[in-house]
Amino acid sequence: MDVQMIHPVWGPRVPLDGVIAWGHRPSARKALNFANNQNIRKFYRLEDGFLRSLSLGVSGSQPLSLVMDDLGIYYDSTWPSRLEELIAKGPREHDLLENARRGISLIRRHRLSKYNQGRMFFLPYSRAASRVLVVDQTAGDMSVALGGATGTTFDVMLAAALSENPGAEIWIKTHPDVLTGKKRGYLDVQALGQRLHMLAQDCCPLTLIEQFDRVYVVTSQMGFEALMLGKPVTCFGQPWYAGWGLTDDRHPDMASLHRRRPASRTVEQLFAAAYLQYARYINPATGKLATLFDVIDWMGRNKAISNEIHGTLYCVGMSRWKRAIAAPFLQAPSSRLRFVRSMKMHELEKLPSDARIVVWGSREALLCEAAADRGISVIRLEDGFIRSSGLGSDLHAPLSLAVDDLGIYYDPTSGSKLELLLNTYCLADDERSRARSLLERLVRLKISKYNVGVPFGLSSDARRHRVLLVPGQVEDDASIRAGSPMVFRNRDLLAAVRKENPHAWIIYKPHPDVVAGNRKGRISEVDLALLADEVVPEANISDCIAAVDEIHTMTSQAGFEALLFGKVVHCYGAPFYAGWGLTVDHMPLPHRKRRLSIEALVFVALCQYPRYRLPGVDGFCAVEDVIDYLVADQRRSGKRVGSHWLGRQWRKARQLVNVFAMAR
């Protein structure tokens with residue numbers, strides 16, 4: 001479908017097949033008049049979908065789902081709609097209903113709603129016999145008027161809730177837009193009595209509904225969400241889900257709504273019609289059409305991250321470049337960022353109650369220790385395991401970061417979140433399948449941490465030997481200081497490998513940051529000639545791993561990538577992937593006693609632990625989206641190790657501009 005924006009009065013007169021308007025806004029009347037005057041028979045109305053966005057529309061959050069109706073619109077009970085027709089036909093296909101059950105289960109698991117900026121909220125203890133939820137809406141909402149209701153309807157609803165539930169505690173839930181102060185509700189909160197409680201804060205709707213025994217609505221979407229949770233729902237208006245035998249309908253004209261009677265439908269059938277057939281979805285990572293399950297995955301991930309990084313985050317001691325790359329990974333509807341050059345111990349006492357300290361890696365150790373002693377949460381940041389298409393030292397912004405509130409993954413003594421997950425998490429069948437698919441793609445596409453280097457192949461001399469790869473590292477890197485106390489220099493590692501494998505063909509690959517001249521870790525030419533058979537400074541690490549028999553490393557991520565290729569990996573330090581029965585360990589790790597499958601390691605380390613973001617895309621994406629981006633980027637331009645000074649400064653400036661734009 002080719003869509004053009006045309007002004008109804010001054011726009012050019014071009015042949016049109018149809019006209020699209022937004023719901024029942026005043027502009028929609030103009031669009032309808034234009035269609036009639038031009039004798040255009042097809043007229044469509046658009047409206048937000050039932051899983052709209054992570055945050056509110058009034059806050060500028062773009063919708064991930066829309067509905068497009070060529071008959072009416074779903075909230076207008078005075079006129080037939082395409083949704084009403086779909087429900088009346090009664091979806092009965094086995095696959096469709098199975099997907100509906102799956103969709104309901106996932107929405108309940110992730111506690112998703114139309115808007116998803118609210119955090120989980122738990123009601124205080126009560127001695128009341130039951131709890132009843134009464135849902136208010138925004139004054140002037142078209143779904144109220146076109147759902148056959150007025151402001152008086154809300155008063156009638158509240159009176160009924162009070163009279164029908166004499167021993168219950170009654171709670172009134174206002175709409176999120178009312179809480180922002182941008183709109184007002186219908187119910188008079190000043191007239192609340194002793195049995196009535198006002199929920200005057202934004203919260204997760206499904207978490208809230210779970211705590212109630214009965215729900216009263218006029219036309220709110222929360223009524224259908226309550227049906228998905230198996231709650232009794234009483235409707236005083238005519239929302240799209242009323243009149244199908246699932247709700248206690250109190251609207252005086254409901255019996256005359258013959259389009260919905262005598263049909264009786266299940267929750268799964270209503271869900272299939274509304275969420276799977278009627279609504280359309282977009283994938284934020286690609287901008288292309290998507291499925292309901294794509295959006296559920298996106299929203300579930302972003303909601304979970306938003307809940308994790310709530311509060312006022314004080315980012316301490318970060319350079320401007322670090323601030324620029326950290327900010328996108330810490331911004332969420334529930335967080336507020338504060339960047340400070342330094343923080344004294346006594347300043348911790350003055351922080352707000354929701355304050356959290358954020359540092360890069362293991363820096364600011366004394367401050368973090370003092371904060372923890374005062375009960376202030378500390379969050380540590382570090383590059384993720386699929387980082388970028390280019391080096392961090394060359395100022396290529398990361399596509400992933402590890403955000404850890406327990407420790408940091410490269411320190412085996414810190415009790416990191418990654419180590420906790422590896423010690424405890426049990427994969428479901430679908431997660432195991434996802435890990436296998438991800439592993440296969442990473443190996444086939446040869447995706448690594450930095451994705452730089454030129455193709456590499458073994459020489460004819462090497463093929464007559466057992467071939468070992470020794471990846472060099474940055475010797476003053478925190479992962480070496482924290483995780484490799486016995487062997488911590490590249491030369492010493494290479495010497496140890498040569499001593500134990502005198503007849504092997506040893507390939508030494510210097511770290512890309514060292515090759516680029518940005519970091520410490522160079523081995524002299526004399527030592528390289530004695531200890532290595534081949535040195536490949538520009539080679540692609542994935543090609544090197546694919547070509548060899550074994551990998552010997554201190555803590556390099558190349559060891560993790562080699563496990564994906566099914567290679568034998570010797571660890572002389574304690575990287576995150578060592579100690580789980582997958583590697584040959586030269587350093588004892590008694591606290592890592594669990595034996596893991598490669599699928600479990602891949603799922604936790606790549607799908608669960610890091611956060612991923614794409615340039616120019618709001619929200620956090622999946623690791624698979626990052627892989628797609630990297631593959632496309634590699635097709636655009638090959639990546640060699642290192643870059644020019646001007647290129648580095650350009651990337652730095654561009655990242656800073658992006659952060660300033662987000663701050664606005």
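Select strand β5 and inspect its two faces: Ala168, Ile170 and Ile172 on one side are buried, and so are Glu169, Trp171 and Lys173 on the other, which leaves both faces covered. The model on display is a predicted one. In a regular strand, side chains alternate between the two faces of the sheet. Extend the view to the whole of β5, residues 168-173: six of the six residues are buried, so the strand is largely enclosed by the rest of the structure.

Next, add the neighbouring strands in the pairing. Select residues 130-135, which form strand β4; β4 and β5 run parallel and are joined by six bridges. Within this pair, locate valine 135, which stands opposite lysine 173 of β5. Then select strand β6, residues 196-199, which pairs with β5 in the parallel sense over four bridges. Here, histidine 197 of β6 is the bridge partner of tryptophan 171.

Now turn to the cavities. How many cavities of 30 Å³ or more does the structure hold? There are two, and the largest has a volume of about 50 Å³. To display the lining of the largest cavity, select Phe385, Ile386, Leu442, Ile447, Ser448, Lys449, Gln557, Phe560, Glu561, Leu564 and Leu606. Which helix gives the most to this lining? Highlight helix α20, residues 557-564, which contributes four residues. Finally, colour the lining of the largest cavity by residue class: seven residues are nonpolar, two are polar and two are charged.

Key: Residues numbered from 1 in each chain as written. Predicted model: local features only at pLDDT ≥ 70, side-chain atom pairs only at ≥ 80, totals over all residues. Heavy atoms only, no water. Buried < 20%, exposed > 50% of the residue type's maximum accessible area, 1.4 Å probe, protein only. Pairing = 2+ DSSP bridges. 1 Å grid on protein atoms, 1.4 Å probe; cavity = no way out; pocket = protein on both sides within 12 Å on 5 of 7 lines; lining within 4 Å. Points joined across faces, edges and corners; volume = space filled by probe spheres on them. Nonpolar A, V, L, I, M, F, W, Y, C, P; charged D, E, K, R; others polar.
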